[in-house]
Amino acid sequence: MAAYQAHETAVIDPGCTIGEGTRIWHFSHIMTGCTIGRNCNIGQNVVISPKVVLGNNVKVQNNVSVYTGVTCGDDVFLGPSCVFTNVVNPRSAVSRKDRYLETHVGKGASIGANATIVCGHTVGEYAMIGAGAVVTKDIPPYALVVGNPSRRIGWVSEYGHRLAFNEKGIATCPESNQQYQLQNDVVRRIS
């Protein structure tokens with residue numbers, strides 16, 4: 001018996017690695033050479049391409065294609081129909097498979113529904129990308145970004161709550177009571 005569960009309509013190519021407790025739903029395609037961590041949830045109609053790496057406890061919602069060049073840390077959330085690219089200047093008649101740019105989504109980050117992540121960038125740990133945003137540059141840890149092109153409108157805690165910093169640059173998450181410091185336009189957790 002497999003250490004993961006897959007719906008009978010899912011296509012799982014030989015040569016991929018899938019961690020224990022992972023669930024793969026209807027009509028998804030897991031391609032050769034990808035690595036999926038433990039306790040992941042791969043929604044319906046998802047494609048995980050060769051050489052993609054997903055950490056543990058990654059949630060991939062319906063209709064997401066994760067293309068070669070993408071890596072995700074642990075606890076990443078990929079919202080419904082979000083999009084990754086892997087070539088900056090695609091042309092049907094020009095093969096650029098040797099020029100895929102790498103994209104990394106850091107631990108605990110969330111990417112909203114229908115967001116687009118242009119290749120070659122890093123989404124920092126615990127960042128939150130709003131629904132429909134178009135990411136065209138690196139996103140710092142804990143940043144809250146929205147729009148096209150995306151722009152930072154604030155900061156969020158590891159629990160996903162917007163942070164309000166006091167005059168000393170300290171904010172407290174209302175759910176976890178974790179404290180954060182904003183200094184030189186960089187947020188870090190301090191407790």
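Helices (H or I, at least four residues) and strands (E, at least two) are DSSP runs, numbered from the N terminus. The structure is a predicted model, in which local features need pLDDT of at least 70 and side-chain atom pairs count only at pLDDT 80 or more, while totals for chains, interfaces and linings use all residues. Residues are numbered from 1 along each chain as its sequence is written, and side-chain values use heavy atoms, with hydrogens and water left out.

**Exercise 1. Backbone at F27**

Locate F27, and state what sets its phi apart and whether the residue is buried or exposed.

Solution. Begin with the position: F27 lies in the loop between strand 4 (23–24) and strand 5 (29–30). Next comes the backbone angle, for phi of F27 is near 60 degrees, a positive value in a residue other than glycine. Most residues other than glycine have a negative phi, and most peptide bonds are trans. The last step is accessibility, where buried means under 20% relative accessible area, exposed over 50%, and partly exposed in between (1.4 Å probe, protein chains only). The relative accessible area of F27 is 55%, and the residue is therefore exposed.

**Exercise 2. The hairpin of strands 24 and 25**

Describe how strand 24 and strand 25 are joined, and examine the residues N184 and D185.

Solution. Two strands pair if DSSP finds at least two bridges between them. Here strand 24 (residues 179–183) and strand 25 (residues 186–189) run antiparallel and are joined by four bridges, and in one of these pairings L182 has V187 in strand 25 as its bridge partner. The two strands form a hairpin with two residues between them, and N184 in the turn has a positive phi of about 55 degrees. D185, found in the loop between strand 24 and strand 25, also has a positive phi, of about 65 degrees, although it is not a glycine. With a relative accessible area of 45%, D185 is partly exposed.

**Exercise 3. The open sheet**

Give the strand order of the open sheet, identify its edge strands, and work out the pairing of strand 16 with strand 19.

Solution. The open sheet has nine strands in the order 1-4-7-10-13-16-19-21-22, with mixed pairing. Its edge strands are strand 1 (5–6) and strand 22 (151–155), each of which pairs on one side only. Within the sheet, strand 16 (residues 110–111) and strand 19 (residues 128–129) pair in the parallel sense over two bridges, with S110 standing opposite M128 in strand 19. Between strand 21 and strand 22, the loop holds P149, and the peptide bond that leads from N148 to P149 is cis, with omega near -5 degrees.

**Exercise 4. The aromatic cluster**

Find the aromatic pairs, classify each one, and say which residues they link into a cluster.

Solution. Rings of Phe, Tyr and Trp (its six-membered ring) pair if their centres lie within 6.5 Å; planes under 30 degrees apart count as stacked, over 60 as edge-to-face and the rest as tilted. A search of the whole structure finds two aromatic pairs. The rings of Y126 and Y142 have centres 5.6 Å apart and planes at 15 degrees, so this pair is stacked. That pair links distant parts of the chain, 16 residues apart, with Y126 in the loop between strand 18 (122–123) and strand 19, and Y142 in the loop between strand 20 (134–135) and strand 21 (143–146). Y126 counts as buried at 14% relative accessibility, and Y142 is buried with a relative accessible area of 7%. Y142 and Y180 form an edge-to-face pair, 5.4 Å centre to centre, with 70 degrees between the planes. This second pair also links distant parts of the chain, with Y142 in its loop and Y180 in strand 24, 38 residues apart. Taken together, the ring pairs link Y126, Y142 and Y180 into a cluster.

**Exercise 5. Two buried loop residues**

Set out the position, accessibility and contacts of V64 and of G73.

Solution. V64 has its place in the loop between strand 10 (59–60) and strand 11 (65–66), and at 0% relative accessibility this residue counts as buried. Contact means heavy atoms within 4.5 Å. Not counting residues up to four places away in sequence, V64 touches N45, V46, V47, L78, G79, P80, S81 and C82. Of these, G79 is 15 residues from V64 in sequence and 7.9 Å away in space, C-alpha to C-alpha. G73, in turn, is found in the loop between strand 12 (70–72) and strand 13 (77–78), and is buried with a relative accessible area of 15%. Under the same exclusion of residues up to four places away in sequence, G73 touches G55, V58, H104, V105 and K107.
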